[in-house]
Amino acid sequence: MNIHRFLALTRKEFYQMLRDPSSFLIGIVIPLMLIVLMGSGLSLDVKNLPVAVALEDTSPTARDALSFLNGSPYFSPSYVTSSKEAIALMDARQADAVLVIPPDFTSRLEQGHATVQILLYGIDATTVNAANQYITSGLQSWQSQWVAAHRKSARTGTVIVVPRQWFNDANTSSWMFLPGLIVIVMTLVGVFLTALVMAREWERGTLEAIFATPVRPLEIIAAKTIPYFCIAMVGLGLCLMASYYGYGVPIHGSLLLVFLSSVEYVFIAIGMGLTISSLVKNQFLACQIALVVSLLPTIMLSGFLFDLRSVPIAISLIGHILPATYYMELLKMLFLAGTTGPIVIKDCLILLVYALLFFCLSWKLTCKEVS
Amino acid sequence: MSDIIMIQAHHLTKQFPARPSSPAVTALSTLNLTVKKGTLTALIGPDGAGKTTFMRLVCGLLQSDSGSLSVCGYDVQQSPQAVQDRIGYMPQKFGLYEDLSVMENLTLYADIHSIPPDLRQKHFRELLDLTGLSPFTARPAGKLSGGMKQKLGLACTLVSTPDLLLLDEPTVGVDPLSRRELWHILHTLSEEKSLTVLVNTSYIEEAEQCQYAYILHKGQLLADGTPESLLQYARGRCYAVRVPQGMPPRFIQSWLLDDRHVVMDAVPEGSQVRFTVSSRQLPNHLLLQNYLPGAVITPVSPRLEDSFMILLRKAGSTEEETPGMPSLPKVPPAISGDTIIEAHDIVRRFGSFVAVDHTSFSVHKGEIFGLLGPNGAGKSTTFRMLCGLLSASSGTISVYGVNLRTARARARSYIGYVAQKFSLYSTLSVYENLCFFGRAYGLAAHKLQERIETVAGQFHLNNCLSMAAGSLPGGYKQRLSMAAALLHDPPILFLDEPTSGIDPLARRTFWRQITGLAARGTTIVVTTHFMEEAEYCDRIMIQDRGRLIAIGTPSAIRHQGGDSPTMNEAFIHIVETGRQKEDS
Amino acid sequence: MSSLSLTLYHIYALIIKELLATLKDPKSRVILIVPVLVQGLLFGYTATYNLEHVPYAVVDEDHSHESAEFLSHLDGTGIFERVATLSSPQQISQVIDNQQAMLVLTIPSDFSKNLHAGKTAPVQTITDGRNPSTAGLAAGYVSSIATAYNQKRSGQQSLVEIRSRIWYNPNNITRHMFLPSLIPMLALTQVLILAGLSVARERENGTFDQLLVTPLTPLEILIGKAVPPILIGLVQASLMLCLVLFWFKIHLVGSLAVLYLTISIFLVSCVGLGLSISAVAKNMQQVMVYCFLFLLPMILLSGLATPIRNMPPVLQYITYINPMRFAIEAIRRIYLEGAGLSTVAPAYIPMLALAAVTLPLAAWLFRHKLS
C-alpha cells in the first residue's frame, strides 16, 4: 500500500461524494428526517386514548369509580349515557375503547358483585394491551379504596404490586427507538451508499482504467472506505446530538465505547456494501440486494422494533446472525444501562470479527479483473 | 525502432464460458503477436474479432486459458502488477471520472503514478498543450465533447510516461478533426519519445498510419505485416469506374456490390467508384455492364482497406449474415424538386449557448441528405429538431407539409428513426419489438402481421424473431433497428450516425440497403462522422459552431474544399477556413 | 381508426411492451417476487408486540409459605419462566443488565407478616425499560396475577368484575393487524420503484428517444407507463393476500371486491408520484434514492407500526397528505372489521385528491422535462 496513491484516491472519492446529490441525501437528509420522524413521530406509548364512557348508572358512586380517567395523561374520555351511543362512537373511529357502566352498577356493588364492560377496538394491538391494563388497574385501585372505606370488617391482606422500571425513567419508546436509529443510519450509509457508488464505478468502466495502473486493490478498498466512513460519523454525530439534546435520551455508558462500537459497525457495513457491489457490479441489483439483506433485516430482526425474545426461535436465530443485532444490543446497553462488563466485551469482539470478515471478503473480491 | 519486444503473445487462447444468456465464445484462439519497442501497431478487425479481449489480457485484467503472453518483459499471468506499473491503458469508455474536472482527473493519475511535483507541472503543461485542453482545465470531464474526452483520456494515460500505451477503439464517435489531432499526437510521441503504442480500431485508414498491423477475425489472425506489405493482397485487383453525369455514384456501387462472386468491395469516391475484384485479372464481364454498357474501367493503386475487405470476404465471415438486397431499377429515379422537409431560420438555444444559429435549408423528396460537422457543431441538435425530439427556440420546421410545432404527433407518423446506438428494447424479442413499434404507428392486427412479415423478410430476421433483441449480434441489431423504423413504410427516414463504430463490411451492407430504399422514393436524412460516406449522399450540409457553412452536392463541396482528393480533407479544409474567417 | 380507438390502441401497445420489458428479465422477476415473500414471512413471524414468554428472576427475602404460593401462581401461567433465584437485591442489576431476565420480582421479608396482619403487602417488580412496551406488559401481567391471588386468598369474588372484549381481534394478536397492512405497503414500494424506473431506464438505455419519435402523445405515454406498475402492484398485493389468507390463516371478514377496489385506488394515487420522480431523476441511481426519500416518511407516518394518535399535531396534519395512512386504515377495517364500501369510501377522497395532483404533475413534467 502506497500512501500517496491512497491519498489521491481518497481525495477523488471526496470530490465525487461532495458533488453527488445522492450522497448528501442518503448521508445527511435521510438521517435528519429519520431523527425527526422517529424521535417525535414514532411512539408506542398510550397517550390521550379516546375512551367513550357509557354512564348508564349516573350515581355518584359510579362517577367516583371512573375518576381515574379524568386528568390521566393516558385517556381522553367522553361521556355518553348509553352503550349504544358509545359503540356508535367507536364505529365512527372516534373512540378506541368503550367502557360501559351498567344501570345496576351501584346496587350490585352494594350486594358485592358489580360488573363493568370494556370493549376495545382490536386493530391496534399495542394500544389494546395498554388500554386494557390501565383501565383494569385504575378500577382495581378504586375498588381497594372503596373496600377500605366501606367494609371495615372483612380484612384480609392483599398483595399489591409496586412496579419500577429501570433504564427508562421517562418510560417513552423514543428512548428505545433513538439508539436503534443510529444502527439504521449506519447501515444506510455503509451498505446502501457504498454499494451504489462502487457498483457505479463498475458500470461506468472507470475501474477498468484504474485497474491498469500501479494502484493496488487494497488502496481502492481503503480509499472507498474513508469518505463514507466520514459521512457515517457525521450521521452518528447528528443522531447522538439529537438524542441527547433534542429528546433527552441519557447516555449512561461510555461515549468512547459508543464511538468505538460504531466504528466497528461502520466498517462491517462498508465491507458489506463493497462485497455486494463487487458481486453484482450493477447499481439496480446492488441497491435491491442491499435493501433485502441489510436494511430490512436491520429494521425487522435486530430487536429494533420487536423484541427478539418474543419471536419464534428460528427467526431469533436468523436475527443473531446479523451483526446489526449485536450493535443494537450494545448501543441500547451503553445508552440506557451504562457500561456493563462482559456483555459489552462480547458484543465488541463479535463486531470486530464481522468487521475483519467483511473487510477481507471485499478485498478478496476486488481483484483486478474485468468480465 | 529497436528490437526490444514489448508484447509477445504465443498461442494465446481465451474462451468465455456459456451463460444462460449467451453461448460459449472463443474470443481468441492460438494467437501469435509481437509488438516491438517504439512502434505504432494497429489491431484491426470487425466486431467480435477479439480486439478488446486481447487488450484486457495485455493489461492483466483477464486470465488467459492457454498460451503465453509477456508484456514489458513480464509474464502477465504471473505478475500483472509489474505490467500495470509500466503501461498506460485507455478503455473504450475512456475511464474518466465525469464529475471531476480536467485538472482533477490529470492530478489523480499523476498521484497514482507517483509523479514528483516538479516533473508533474512540466508534464501537465506539455500534455495540455498537446491536447489543446489548456483552456478547459476547470471543466468537469462529463461536460466535454466526445473528442475532448478522448484526448483527456489519452492525457491521463500519458502522465506517467508509460513504456507501452494501449488504446481501445479511441476514435469511435469522434469527428475527423479530432481524429486527425489524436493521430498527430500519437506520431509525435512515437517519434520523439519512442513510445510503443498498440491501437484497436475499426477505421482501416487509421491503421495505414501505423508501422505494423494485425488483422483479426473471430479470434484468429488473418494476416499481419506493415501496411505496405499488407497491400499485396489487393495488388492488381483494384479498379475504378467513371460515373456518368446525372447518375448517383451509389447506384454504380450497388450494381458492383451485387456482383457478389466477382466484386469484393466497392466504394463511391467523387466522380468515380473504386472496386476490387476477387481475381488478379478483371473479369470479362461484370454485372455492371448490363446496366452501364461502355463503362470506362481503369486500374488504380491498392489501399489497406481493399486488402482488409478481400481478406475478410475470403474468410467467409459475413456471407451468411448478409441479407438479400432490394433490387435496383435500371434507371435511377430522378429526384423531383418537391421539398419534403423545410427548415426556415431555425435557432436553438440552451441557456445562453446558441447551438444552432439562424439556419435554413430544405430537403427534396427522394434524396439522401447528409448532415456533417465536427463534434459540437450543432448537427445533432439540428437533427433532433428535424425529428421532433427537440423544439426550436425560433423559426419553423415543416415535415411532409406538416408544421412540427402545431402537429408534432402527425408529423412523426411520416418519419422513421434509427438512433445512434441500439435503442430498441433489449429484453423483448425481435417479434415483440416489431409488434410494439407497429402498434405505436397505428398498424392494426392484420396489417401489422403483413408488414412484420415483409420487413422481417427484407432484413432477413425471420430466423431470429423469437430471440431477445439484446442478445443479437451487432449486425442483426442494426437491421432490426432499420426494420422497426421502416415498419410503417414512412416517406422519410432519419439515421443518426448509423455506422459509428461499425466495421467496413457492415457499413457496405448498410449503405446498400439505404441505396435500395432511396431508389424506391424514400427520403433519407443521415448524420455521419465518416466523411467518405458523404459520397453516398445526393446533397450534404456542413455545420460548424452552430452555423451552416456549406451545402450542396458532394462534388460541389469538394470543389469548395479546394478540390481536395478525399472528402475528409475537403471537410477539414472547409471547417478550418470557416473558423479562420470567423475568428478574423 | 377513430382517434379514440387509436389512442386506446396506442395505450394497449405500451402496456404490453412495458409488461414484457419488466417480466421477461428473469432477474427482475425474482426481484418482484422474492422480496414480497421474504418480507411477508419475516414480518408475519417477527411483528409481534405480544408477550408470550417472560424470563424473570426472583429475590425472595421472606421464604414463607405465602411467598412460595404467590410464586407458584406466577410459574403456573406458562408465560413466566424463572431463570434465576437471587439471594440478595445486589444481584438484580446483573441479571437485568445482561438481559438474562426481563423482570425481577422482589418479595420483602415482611410479606407474610403483612398478609397475616390483614395489611397490604407490597411486592416490587423491576423491569427492563430498554424496551418499554414489553416491560409495561410484563409488569401488568404480574399485577393481574396478584389480583387473582388476592381473590383466591379472600375466597370472595372481586367486587367489580371487569369483562373486557376485544373487537375484531379477540386474541389481540399483533400479526392480525400487521399483516393486512403489509399488503398496501409492499404494493406501494413496488409501484413507486417500478414507475420511477420506467422512464429512467428507457433514458439510460436510449430507448426513450425511439419512443418519442413515434406518433404516441405524451398523455398516451403517461397512461401506458402508469398502468403496468399498477397491474404488477396488484399482483404483488394478491401474492401477499394469499400469504396472509392461506399461510397465516387470517380470515378476511370484508369483501374481496372492496379490498381490491381500495388497493387499486391507492395505487393510482401513488403511481403519479413515481412517474414524477422518473421524469425528474437523471439516472436510475437517483430514482432509487428519491424513492427511498419518499417511501420512508410515507411508511413511518402511516400508522403501520405506531399509532398516528401518538404523533405530535404537526406530524398528524402531515399524515393527511399521505395516501398510505388512509389505505392502511381502510384495509384494516375491510379485512378485520368487514367494513363495507360506504364505511371506507371517505378514505378514497384524499387518495383520489392526491392522484388528481400527482398525475397532472407527472404529465406536466413529462411534457417539459423529457424533451
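Domain bounds here come from an automatic or database domain assignment. On that footing, chain B of this predicted model divides into domain 1 (5-229), domain 2 (231-321) and domain 3 (423-490). Taken over C-alpha atoms, the centres of domain 2 of chain B and domain 3 of chain B are separated by 32 Å. For chain C, the assignment gives domain 1 (54-167) and domain 2 (173-370). A distance of 47 Å lies between the C-alpha centres of domain 1 of chain C and domain 2 of chain C.

A word on confidence helps before the contacts are described. For the complex, the predictor gives an ipTM of 0.79 and a pTM of 0.83. Chain B has a mean pLDDT of 86, with 97% of its residues at 70 or more. Within chain B, helix 10 (residues 288-291) of chain B has the lowest confidence, a mean of 77, while strand 22 (residues 523-527) of chain B has the highest, at 93. For chain C the mean pLDDT is 85, and 97% of its residues reach 70 or more. Chain A has a mean of 83, and 95% of its residues reach 70 or more. Among the elements of chain A, the lowest mean pLDDT, 71, belongs to strand 5 (residues 158-166) of chain A, and the highest, 91, to helix 10 (residues 255-280) of chain A. As a reading guide, predicted coordinates should not be read in detail where pLDDT is low.

The interface of chain C and chain A comes next. Here 100 residues from chain C meet 107 residues from chain A. Together the two chains bury about 9400 Å², and carbon and sulfur atoms account for 65% of that area. Helix 6 (residues 132-154) of chain C gives the largest share of the side of chain C that touches chain A, namely 16 residues. By class, this side of chain C holds 52 nonpolar, 35 polar and 13 charged residues. Even with 13 charged residues on that side, the count of salt bridges between chain C and chain A is zero. Polar contacts across this interface come to two residue pairs, both residues of each pair being at pLDDT 80 or more.

Chain C also touches chain B, through a contact that takes 29 residues from chain B and 28 residues from chain C. About 2500 Å² is buried between these chains, 62% of it on carbon and sulfur atoms. On the side of chain B, the three residues B:Tyr425, B:Phe436 and B:Arg439 supply 25% of the area buried against chain C, more than any other three residues. Two salt bridges cross the interface of chain B and chain C. In a salt bridge between B:Glu432 and C:Lys24, the side chains meet at 3.1 Å, N to O. Nine residue pairs are in polar contact across this interface, with both residues at pLDDT 80 or more.

Which elements give two or more residues to the side of chain B that touches chain C? They are helix 13 (408-412), strand 20 (415-418), helix 14 (430-440) and helix 15 (445-458) of chain B. Helix 14 of chain B provides the largest share, five residues. In terms of class, the side of chain B that touches chain C has 19 nonpolar, five polar and five charged residues.

Over all chains, the structure holds 44 salt bridges. A pair within chain B offers a closer look: the side chains of B:Lys51 and B:Glu169 meet in a salt bridge at 3.5 Å, N to O. B:Lys51 belongs to helix 1 (residues 51-58) of chain B and B:Glu169 to the loop between strand 7 (164-168) and helix 6 (176-192) of chain B, so this pair ties together parts that are 118 residues apart in sequence.

Conventions: Residues are numbered from 1 along each chain as its sequence is written. Chains are lettered from A and ligands numbered from 1 in the order in which they are written. Side-chain values use heavy atoms; hydrogens and water are left out. Contact means heavy atoms within 4.5 Å. Buried area is the accessible area (1.4 Å probe) that two parts lose on being put together, summed over both. A salt bridge is a side-chain nitrogen of Lys or Arg within 4 Å of a carboxyl oxygen of Asp or Glu. A polar contact is a pair of N or O atoms within 3.5 Å; within protein, one must be able to donate a hydrogen and the other to accept it, and residues adjacent in sequence count only if both atoms are side-chain atoms. Helices (H or I, at least four residues) and strands (E, at least two) are DSSP runs, numbered from the N terminus. Ala, Val, Leu, Ile, Met, Phe, Trp, Tyr, Cys and Pro count as nonpolar, Asp, Glu, Lys and Arg as charged, and the others, Gly among them, as polar. pLDDT is the predictor's confidence in each residue, from 0 to 100.
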